[in-house]
Structures are given as C-alpha cells and as structure tokens.
Amino acid sequence: MAIFSAIGYAFAYAASFLAASVGLSASTAVAIGTSVGQAAMAGAAMLINRALTPKVNVPQSDIQAVITQADAQRRVHVGENLVGGIRAFFDVKDAVLYQLVVTNHGRINSFKQFRIDGEPAPVSDMGAITSGPTAGSVWVATRDGSGIGGDYPSLAEKFPTLWPASRRLQGQATFLVTARARGAEDFPKVFPKGSNTLYQWVIEGALVYDPRTGATVYSDNAALVIAYYLTHPDGYRLDHSEVDWDSVAAMADWCDLPIAQRAGGAAPNMRLWGYWTLDEDPKQVLDRMAASCGIRPYEMQNGKIGLIGGPFGTPACTLTHKDISDIQTREAISEREGYNTLRVFHMAAEANYTVSEVDIWSDPDRLAQEGEIAEEMRLEMCPNTSQARRRAKRQMHDDNRGKVEIITNLVGFKARYPKKHGQRHTIMLDYRPQDGSGRIIAGEYEVLDHEVDPQGLQCRIDLARVDRASEAWNPDTEEGDPPASAVNGANNPPPPIEAVLSQRVIDSGGGLIASLEVAALPITDRDDLRVQGRYRQVGETAWISMQGTGLIARSGPVADRTEYEAQVRWQGVFKGVDEWQGIGPITVIANSVAPGRPSELIPSVSGGAVHLSWRNPAGSFDSIRIKRGTTTNYAAATLVDTTGGVAGQISEGKDATGNTGTLYRYWVVAANSSGLEGDPFGPVQITAP
C-alpha cells in the first residue's frame, strides 16, 4: 500500500522518540457457496472443533497494538472495540513526534475513549490530554472515515514533502497523536516506554443498515452486523437486492430481545463486537460470527439470502411413516467423538476487550460417567458473559444429540425451508410403521441438511433431535461470573516471559538464507501481550531490532556459521517497561544436512611429501578436509588441507608439513556449505618422508 511508503525512512529516524532532542541517548531513552439451500445449524462430530474455535486472521494483540507494517491488511470493526492500528506516518519535527494511525477501513460511529499505555486519558475539545503525566505533552485528533482520513493541517504544514495533498487516506478512520518532548529529567516519567508508548482508542465501529427503519445507524445487533458483512463491498459483496430483508428484520428483532442479567438490568439478546480484515476468507468471517451468535446466512425459497438461527419456532410440517421410505438413526455423540465440558471464552470490555475465559459449561451426567472431555469454545465476537454462556448451553445441546437420516417421497419437500423468519428450521416426525415392529420415532427435529433427487422423486433429509429445554435460561443460576476485570491491569507489573531462540532457513532459489526467530510462550488470558525482540552477533555491542507479530519476532537475514544472542521482553498493558531478558546464544547453520562419507583413501610418498587419493562422496558437498594425527583418535587430529572435487570422482591432496620419520594417521571428511562435516573416512597410516 503506497500510503505507507514513508514509514521505512521515518521510523528509523524517529526510533528513539525524541530522546536525542532532550539530551538522552537512544539506549536510555457462509460458507454460502458450499451450503446454499441447507439450513445447517449443527456440524458433524468431525467439524466440532472448527465450529467451536473459528480461525482469526489477525490476532487480537495486533489489532490493539500500533504496528509498523506496510503490507498489513486493513480492518473493518463492528460494535465496540479497543484498537490501535497501522502507522501511516511517524516522524519528528521541532522536538515533536507526529504519529498518524489508520484504525478502520471505512467510516466508524465514534472515537469513544482515548488510552495511553492502557490508561484512560481524558481529551479536551481541542484534543489536549487534560490530566495525568502526559497532560501538556500529548494531543490527539481524529477522522471518522466519512471523508479524507489524512487531512491533518499540521502534517501538511510540517512535512510538505513527506505528506502532500495526495496522501488522502480516503474513507479511512484515523487518529493523529502529537507528542512533545520535555527536558531530560522529566522525559522518562512522561514517556516511560519511549517510542513504544501505546496509543489506543475505544471505538464504536461501523454504521449498519436496519431494514426495520430504513436507516443506516450504529448498531451491534448481530443480525444487522451479519447483513452488513454480506453486503459490504469488501465483505461478501452481495447486492442489496440479493438479501431478503424481511428475514434479516425478523432475526434482528430476536437479537434485540432484552435478556435479564445476573447483576441486574437487561442486555440485548445477541450482539457482535469485533473485526475482519480485507484479505480474510468470507467463510472464516461468517464462522466467527455464527459461533458468537448462532446465526448463519442461507438461501431461501425465493432465491435470496436470508438469516437462520434464533429460537426453535413453528415446525414446517409433519412427516409420517407414509412419507418415509427409509430411516436411519444414530445415537447422541459418545465420549469417543464428542465432549462433555466446554471451556468458554468471549471478548469482554471489562478485560480490556480481550478474549477471556469465563465459567465452564458441562454436562454433569456425562461428566460423572466419562470423566472430563473438554473442548474450547472461543466466541471472538461475543461481548457479553450471559450471551456466551447461553451460546455454550445451546452448542452443547446441538453437538450432543441423536441424529436421524430419512428418505422420503416428494412430500418431504415441505421440510426444505423454515416455516417462518427468525427461527431455526424444525419439523415434526411421527414414524409409526404398521409392520408389527413397534418401532416409534416421534417428536420435533431440526433440519440439518435437505437434498432433493428430482429423478428419483425423493428427498434425503438429515435431522437432529430438539430439546426445547435447552432454550430455558435462569441468569441467577446459569450466567456465572464475568471475566476477571483488567481495569487496573495497567498498574500491574509485566509478567515473566519464557521464549525460545531458533533459526529459520529458506531456499531462495539462489541459496539458503537464514534468519533468527524468537517465540514466546503464551500467557493465559493475556491477549494484550506482544513479544519484542532484538539480536546481535556475539561479541558485538549494538543490538538490531526484530520485527514482531503477536508472540513471534523475526530478524532479517543473518550470517551462516556465526554465533548470535538475543533479548526479549513483553509489550502490553502493564506498569512501566519490561526488562530485556537474554536468550541464546545460537550458532547459525543454514545447511543442516551433512554430506556423505568419502572412501578409498590411499596414502603414498611422492616428491618429499605424503600423497593422498580418495573417492568423493556421491552426494553434494562443499569441500573435502584432510586431517592428520599421531594417534587413532580422530578428535585429536588437526586440519592440514582443504580441497574441492566432483561428487563420486577421485580427488587428490598432499601434505608436506610432517616431520620426517614420524608415523601419521590421515582422515578425509566432507563438509557442506555451512561447514557441517559428515562421517570421516580413515585412518590410514604412513611415515612422513
């Protein structure tokens, strides 16, 4: 993205964040395509894990951080979120740091609360921080994305070359932080993290269309958010006319229903807070939304896309033994296939908008029989504990119930679509064959899949048993405790860090390129943490920064056969600056494949020197090393010559450095491009002439 072209220069120039200017040194300072026509609300056992823990394209720690990454994908936020963003500008002028951050692709409703290093920072109407240590030193301005996101007069005035009028950032929500350096004595107190000072906003995300009013307004209603994604030009890209808005409206009404909360009051039934990136697979995004609210898009009878989910509603029809030609039943998922305990996680404002764990949901009867068989249910876009626990209760019902597959005549076509909008798709079975078997399969079943065979004049229908008790809810006994509050997290010290230093090697086509990688072990319920790393060659004094993403930091290319050391520390919401912790050292070996063993080593005397001939190994190698010793101990031998040769062919060498009359043992060994040796051949012995 061209808008970030100035970053490489600017960030290097301003890396120590004004430290030099105050006299401090830098070191101080729907799946729609695959399931159209199918109201699939519960997966088979093999799909349970994917349904419970849908993938996230960009980790939440990166969303909340301010990152310098020219190719980082832009984000669209819905509902309420704590965000950092992508630096579009970072430079110093007259002892003032100017930092422009892109937070959202498209318009947002509002910038709600500004935070500095995790602490709320009140902002005046003029953009000045009014209290706290940064008062008088930091100012912030915002653009909501409804127009030009790069339109900041101070940038154009101070940096006319770097930030001309062409830097428009059209339709991007941004904020500009200006930070003024103080004297050397006060600088560490005001900016204890220096250039790593973290600036964030709590935002209200995108405005969404509400078919009930015809208005486009801010809302976190789950149905409206999903419809917004389906029609977004950088989402699923459906035309407005391709959506059945009556279906959306009915589902939105259900999402707005007030649900009593254990702490008192009520909250809307189903909401979505979160984000997607412009390069995400739409199925991945829709899976994440469905996990958090239980709503999915599907193709309706009129050919449009509607929303299905919500409560069990009016059954579409009743099928009897007269309609069914074949029926197969399957018991509820057993301990060999399913789970009896769900570890529930959801995104919580009280936990700094991170995905945090709440009380487990379990099946006590199965737990007593089977012991704990646990799965994680990560509701990345669910903002409420009551909603998360209700989703866990429903998910356990859906994943642990008996299934039925039936083959019907064309009467089964009546079971193809839900009876009404805003409900899950169910039918009634009343199977009582008059064959004397006494077999009865009766009750309410949810339609999971429906296929029509127009040639055979049949319908194949997959069903799952419905227990309406799963919809009952008692907040006093079932809601559980919310996530532990992280409001005071910024006053806590940084947690200990455990990390591993390793090397990465890629084949560029022109040779092997090695780099270093630092991987930190995750800390439970700390999605705010990102690893920061730096490295240097052992014996050098200057450190080189590594590029970090989440729990991983990587170096640029490093030299082969060279020893390096690294240091790591956390960045996140905590008090002060984490201390660097050393890891390593590590010796880089770009080529870790040892060559083969030479053979046929023959010594002789010629022209006052020891002459050696041998056959090179058949595979690739870089060099052949000749080693000599006075004993049969190879480890005590010394290198006397290095030569090359052709794989599998005879090579020769000589040694004229021995003492006359001394009995020597000789070995030859092949080495690869990284100096890694294979197995030696030898010894052979001969007396030096």
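This section describes aromatic pairs, charges placed over rings and one helix in a predicted model.

Across the whole structure, a search identifies 15 aromatic pairs. One of them joins F114 and F175, whose ring centres are 6.5 Å apart; the ring planes meet at 70°, above the 60 degrees required, and the pair is therefore edge-to-face. The two residues come from distant parts of the chain, since F114 belongs to strand β6 (residues 110-116) and F175 to strand β9 (residues 172-180), with these positions 61 residues apart in the sense that they lie 61 residues apart. Both partners fall under the 20% limit for burial: F114 is buried with a relative accessible area of 2%, and F175 is buried at 0%.

A second pair is formed by W361 and W473. Their ring centres are 6.2 Å apart and their planes lie at 25°, so this pair is stacked. W361 is located in strand β22 (residues 361-362), whereas W473 is found in the loop between β27 (458-465) and α12 (475-478); the pair therefore ties together parts that are 112 residues apart in sequence. With a relative accessibility of 13%, W361 counts as buried, while W473, at 21%, counts as partly exposed.

Ring pairs also assemble into a cluster, which links F111, F114, F175, Y199 and W201. The edge-to-face pair of F114 and F175 is thus part of this cluster.

Charged side chains are also placed over aromatic rings. The charged end of R143 sits over the ring of Y152, at 4.2 Å from the ring centre. In the case of R628, the charged end sits over the ring of Y664, 4.6 Å from its centre.

Helix α9 spans residues 282-293 and contains 12 residues. From its first C-alpha to its last, α9 reaches 17 Å, close to the 16 Å expected at 1.5 Å a residue. Of the 12 residues in α9, 10 are buried, so the helix is largely enclosed by the rest of the structure. The buried residues are Q284, V285, L286, D287, R288, M289, A290, A291, S292 and C293. At the start of α9, a side-chain oxygen of D281 comes to within 3.1 Å of the backbone nitrogen of K283. The residue that follows α9 is G294, which has a positive phi near 80°.

Definitions and conventions: Residues numbered from 1 in each chain as written. Heavy atoms only, no water. Phe/Tyr/Trp six-rings, centres within 6.5 Å; stacked < 30°, edge-to-face > 60°. Helix = DSSP H or I, 4+ residues; strand = E, 2+ residues; numbered from the N terminus. Buried < 20%, exposed > 50% of the residue type's maximum accessible area, 1.4 Å probe, protein only. Lys NZ or Arg CZ within 6 Å of the ring centre and 35° of its normal. Expected span 1.5 Å × (residues − 1). Polar contact = N/O pair within 3.5 Å; in protein donor to acceptor, adjacent residues only side chain to side chain.
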